[in-house]
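Please open the structure in your viewer and keep the selection tool at hand. The tour below proceeds stop by stop, naming what to select and stating what is found there.

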Amino acid sequence: MKLIEALTVLRRPAIPEAVPFRLHLACGFTPLDLKTFLTAHLRIALDGRPVEVTTGLYGDLAAGLERGVPQDSSAIAVVLEWADLDARLGLRALGGWRVSALDDIVRVVGRTLKRLVASLTRIAAGTPVAVCLPTLPLPPVSYVHRAQADLWQTSLRFAIEQFALEVVALPGCRLVSRERLDTVSPTSERLDLRTDLAAGFPYQGPHASAVAGLLASLIVPRVPKKGLITDLDDTLWLGIVGESGVEGIGWTLEKHAQLHGLYQQLLQSLADTGVLLAVASKNEPGIVEEAFGHPDLQLSREALWPMEIGWGLKSEAVGRILQSWNIGPEEIGRASCR
């Protein structure tokens, strides 16, 4: 989302007389565009419901959370950056990059993270919280070749990992996936040095939108699909079982069909979490049952119900599956392995 698009969303009239969704944004830097993007993403996720965003104490995130958040907050978004853990790790402070100071920085970061865990434990007990870990690069402080990770940087990142473990274990607290953030926002396109120094806002526009979008998706998660309907031939396995027989299909490296084996593993993992799985396939029931008797199949036959195997219309088969599940078509997904 671009800034002009976010502003357009915010200009649209909200649902009349709807109760506002009140979000408290806790970050140590000036929120500026992050607040705008977060408000816009939430307005979209809430289908036009009014959104009100308050912000915390500038320059001291830990103290702001310790003082408390508005009691009427619908949710809390916490955005951490390295400067929130020790001001010497930011670009708006001077005098902290001497090698003699590095050990003390690690100690201060550890103490700050403990304070944050205590605050989040208290807040998340009554209000949903979404947390984003530091996304910006560490300052260029090092005493080894830049291609080598030094002890100081590794110690800081280890402290963050320990903090992340504690946060994800808190009921009511959700953590932004760094892998997902890396996908939507390249690390080299995050820091805006000029706006950080001039206005205290360290993000480039696209990165601010990416962080806001992921936080919004945790604060107002989409309703998950209840079921998934899959085909068999050239989907669950490579080949057409009715033509090639059980020995002619495959889902392994040896059969040059590893992608189909991975797809089977994915379906089994979905079944293990409670997602309904069914089959709609134009095939002979007998040979399909024979294929499911193969010992190397990565998806158990018991995970699939119902199995609509026959030569009728696929649309009718899907209709019968939905009737068996007693859910609507908007609550399912269709899958292929191509």
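Begin by selecting Val79 together with Cys132: Val79 stands opposite Cys132, which belongs to strand 4. Please bear in mind throughout that the model is predicted.

**First stop: strands 3 and 4**

Extend the selection to residues 75-79, which make up strand 3, and to residues 129-132, which make up strand 4. These two strands pair in the parallel sense, and 4 bridges join them. A further pair to display is Ala77 and Ala130, since Ala130 in strand 4 is the bridge partner of Ala77. In general, the strands of a sheet pair through backbone hydrogen bonds, in either a parallel or an antiparallel manner.

Now show the side chains of strand 3. Which residues of strand 3 point one way, and which the other way? Ala75, Ala77 and Val79 point one way, while Ile76 and Val78 point the other way. This arrangement may be read alongside a general rule: in a regular strand, side chains alternate between the two faces of the sheet. How many of the residues of strand 3 are buried? The count is 5 of 5, and strand 3 is accordingly described as mostly covered.

**Second stop: the whole sheet**

Next, select strand 1, residues 21-27, which runs parallel to strand 3 and is joined to strand 3 by 5 bridges. Within this pairing, Leu23 has Ala75 of strand 3 as its bridge partner.

Widen the view to the complete sheet. It is an open sheet of 5 strands with parallel pairing, and the order of the strands is 2-1-3-4-5. At its edges are strand 2 (51-55) and strand 5 (173-175), each of which pairs on one side only. From one strand to the next, the twist averages 20 degrees.

Then add residues 102-124, which form helix 5. This helix lies across strand 3, strand 4 and strand 5, and its direction is at about 150 degrees to that of strand 4.

**Third stop: salt bridges**

Keep helix 5 in view and select Asp104 and Arg107. The two residues form a salt bridge whose closest N and O atoms are 3.8 Å apart. Both lie in helix 5, with their positions 3 residues apart in sequence, or about one turn of the helix. Asp104 counts as partly exposed because its relative accessibility is 27%. Add Asp86 and Arg88 to the selection: together with Asp104 and Arg107, they are linked in a network of salt bridges. The structure as a whole holds 12 salt bridges.

Another of these joins the side chains of Glu161 and Arg178, at 2.8 Å from N to O. This pair links distant parts of the chain, 17 residues apart: Glu161 is in helix 6 (residues 151-168) and Arg178 is in helix 7 (residues 178-184). Glu161, at 35% relative accessibility, counts as partly exposed. Arg178, at 32%, likewise counts as partly exposed.

Move on to Arg190 and Asp182, a salt bridge in which the closest N and O atoms are 2.7 Å apart. Is Arg190 buried or exposed? Arg190 is buried, because its relative accessible area is 3%. Asp182, by contrast, is partly exposed, with a relative accessible area of 41%.

**Fourth stop: strands 6 and 7**

Select strand 6 and strand 7, the latter being residues 276-282; the two pair in the parallel sense over 4 bridges. Thr230 stands opposite Val279 of strand 7. With the side chains of strand 6 displayed, Gly227 and Ile229 point one way, Leu228 and Thr230 point the other way, and all are buried.

From here, follow the chain into the loop between strand 6 (227-230) and helix 10 (241-244), where Trp237 is found. Trp237 is buried, with a relative accessible area of 0%. Leaving aside neighbours within four places in sequence, the residues in contact with Trp237 are Leu232, Ile249, Gly250, Trp251, His260, Ala291 and Phe292. For a view across the model, select Val141 as well: Trp237 and Val141 are 96 residues apart in sequence, and their C-alpha atoms are 52 Å apart in space.

**Last stop: a surface patch**

Finally, select Leu3, Ile4 and Leu7, which form a nonpolar patch on the surface with about 230 Å² of accessible area together. Leu7 is located in helix 1, residues 3-11. With a relative accessible area of 31%, Leu7 is partly exposed.

Definitions and conventions. Residues are numbered from 1 along each chain as its sequence is written. This is a predicted model: local features need pLDDT of at least 70, side-chain atom pairs count only at pLDDT 80 or more; totals for chains, interfaces and linings use all residues. Side-chain values use heavy atoms; hydrogens and water are left out. Patches are made of residues with over 30% relative accessible area and no salt bridge: like charges are joined within 9 Å, nonpolar side chains (Val, Leu, Ile, Met, Phe, Trp, Tyr) within 5 Å. Accessible areas come from the Shrake-Rupley method with a 1.4 Å probe; for residues, only the protein chains shown count as cover. A salt bridge is a side-chain nitrogen of Lys or Arg within 4 Å of a carboxyl oxygen of Asp or Glu. Buried means under 20% relative accessible area, exposed over 50%, partly exposed in between (1.4 Å probe, protein chains only). Two strands pair if DSSP finds at least two bridges between them. Axes are lines fitted to C-alpha atoms, for helices over the stretch in contact, and angles run from 0 to 180 degrees between N-to-C directions. Contact means heavy atoms within 4.5 Å.
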